[in-house]
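This tutorial dialogue is written for a biochemist who wishes to read structural features from a model. A learner asks how each feature is to be read, and a teacher replies.

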Amino acid sequence: MTAQHPRGRPRGTTKRELELIAMRLFSEQGFDETTVEQIAAAAGISGRTFFRYFPGKAEVLWYSFDDEVAGLRAAFATVTPDEPMMAAVRRVVVNANRYRAEDVAELRTRMKLVAEVPALAATAGAHYDAWERAVGEFAASRLGEPADSLIPMAVGRTTLAAARAAFDAWVAGADADLTVYLDRALVALEHGFAVSGAFPVTTGE
């Protein structure tokens with residue numbers, strides 16, 4: 001716990017610190033039972049200062065996800081024209097979800113909270129939409145179509161659906177790295193789910 005400071009926030013308080021504190025408190029005492037004031041106190045800041053970082057306690061757990069969206073956009077900007085569109089989508093999404101072994105427990109905790117706490121699930125829409133748009137806009141640029149036209153939207157939405165299925169299976173199974181699940185789901189999507197279970201894992205690319 002960060003030491004209390006008589007005025008303002010203590011040196012070193014960050015969004016990341018608040019995320020970790022909130023996740024711990026949500027896990028220990030429940031989301032509904034945890035207040036903004038408790039999160040702020042554990043970080044050594046005031047409740048007012050907390051709201052300079054996040055609009056509410058539910059938004060704390062989307063901090064890393066929003067960084068991933070920014071990472072997707074940056075990675076898509078570097079894709080070369082000779083790489084097939086869906087192969088590029090798979091590669092970029094898988095690479096954006098490579099985690100160190102020591103980070104896996106934290107990631108599982110975050111995903112379980114988002115899946116199991118209705119108030120957290122209710123905040124998911126805007127964040128998932130941003131992720132979906134990042135993929136759809138890449139598809140639009142590759143296809144030379146508007147981002148709000150049918151195929152780019154379909155690429156974004158089906159990729160998000162496949163990725164969410166991979167995350168859910170990974171959280172439930174706990175028997176392999178997340179990238180294995182993501183790669184398997186996205187290879188299947190890339191090939192139109194032609195033969196269930198027949199697609200190789202290619203995370204070594």
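The dialogue below concerns a predicted model.

Q: Where should one begin with the packing, and which residues touch the most other members of the largest nonpolar core?
A: A nonpolar core is a set of buried nonpolar residues joined through side-chain atoms within 4.5 Å. In this predicted model, the largest such core has 37 residues, and F76 and W131 touch the most other members.

Q: Which elements give two or more residues to this core?
A: The contributors at that level are helix 4 (63–76), helix 5 (85–95), helix 6 (104–116), helix 8 (124–143), helix 9 and helix 10 (178–190). Helix 8 supplies the largest share, eight residues.

Q: With which residues is W131 in contact, leaving aside its neighbours within four places in sequence?
A: The contacts of W131 on that basis are F65, E68, V69, L72, V93, T159, L160 and A163.

Q: How many residues does the second, separate core hold?
A: That core has 22 residues, including F26, I39, A40 and V117.

Q: How is the cover of a single helix to be read, and how many residues of helix 5 are buried?
A: A residue is called buried when its relative accessible area is under 20%. By that criterion, nine of the eleven residues of helix 5 are buried, and the helix is mostly covered. The buried residues are M85, M86, A87, A88, V89, R90, V92, V93 and V94.

Q: What covers the buried residues of helix 5?
A: Their cover includes helix 4, helix 8, helix 9 and helix 10.

Q: How is a pair of aromatic rings described?
A: Two values are given, the distance of the centres and the angle of the planes. The structure holds eight aromatic pairs. One of them joins F50 and F51, with 5.4 Å centre to centre and 90° between the planes, an edge-to-face arrangement.

Q: Are F50 and F51 buried or partly exposed?
A: F50 counts as buried because its relative accessibility is 0%. F51, by contrast, has a relative accessible area of 43% and is therefore partly exposed.

Q: Which residues do ring pairs link into a cluster?
A: The cluster consists of F50, F51, F54 and Y63, linked by ring pairs.

Q: What is the geometry of the aromatic pair that W62 and Y128 form?
A: W62 and Y128 are also arranged edge-to-face, with 5.5 Å centre to centre and 85° between the planes. This pair links distant parts of the chain, 66 residues apart: W62 is in the loop between helix 3 (47–53) and helix 4, whereas Y128 is in helix 8. W62 is buried, with a relative accessible area of 2%, and Y128 counts as buried at 12% relative accessibility.

Q: How is a salt bridge recognised, and how many does a search of the whole structure find?
A: The criterion is a side-chain nitrogen of Lys or Arg within 4 Å of a carboxyl oxygen of Asp or Glu. The search finds ten salt bridges. One of them is formed by the side chains of R110 and E19, at 3.0 Å from N to O. R110 lies in helix 6 and E19 in helix 1 (residues 15–29), so the bridge joins distant parts of the chain, 91 residues apart.

Q: Are R110 and E19 buried or exposed?
A: R110 is buried, with a relative accessible area of 8%. E19 is likewise buried, its relative accessible area being 0%.

Q: Why can residues of one helix point the same way?
A: An α-helix has 3.6 residues a turn, so residues three or four places apart point the same way. In helix 6, R110 and E106 are four residues apart, about one helical turn. Their salt bridge has its closest N and O atoms 2.7 Å apart, and E106 counts as buried at 17% relative accessibility. R110 and E106 also belong to a network of salt bridges with R16 and E19.

Q: How are E28 and R24 separated in helix 1?
A: E28 and R24 are four residues apart, about one helical turn. Their side chains meet in a salt bridge of 3.5 Å, N to O. E28 counts as exposed at 56% relative accessibility, while R24 is partly exposed at 37% relative accessible area.

Q: Which residues form a nonpolar patch on the surface?
A: L143, L150 and I151 form such a patch, with about 280 Å² of accessible area together. I151 is located in helix 9 (residues 150–173) and is partly exposed, with a relative accessible area of 41%.

How values were computed:
Residues are numbered from 1 along each chain as its sequence is written. This is a predicted model: local features need pLDDT of at least 70, side-chain atom pairs count only at pLDDT 80 or more; totals for chains, interfaces and linings use all residues. Side-chain values use heavy atoms; hydrogens and water are left out. Patches are made of residues with over 30% relative accessible area and no salt bridge: like charges are joined within 9 Å, nonpolar side chains (Val, Leu, Ile, Met, Phe, Trp, Tyr) within 5 Å. Accessible areas come from the Shrake-Rupley method with a 1.4 Å probe; for residues, only the protein chains shown count as cover. Buried means under 20% relative accessible area, exposed over 50%, partly exposed in between (1.4 Å probe, protein chains only). Contact means heavy atoms within 4.5 Å. Rings of Phe, Tyr and Trp (its six-membered ring) pair if their centres lie within 6.5 Å; planes under 30 degrees apart count as stacked, over 60 as edge-to-face and the rest as tilted.
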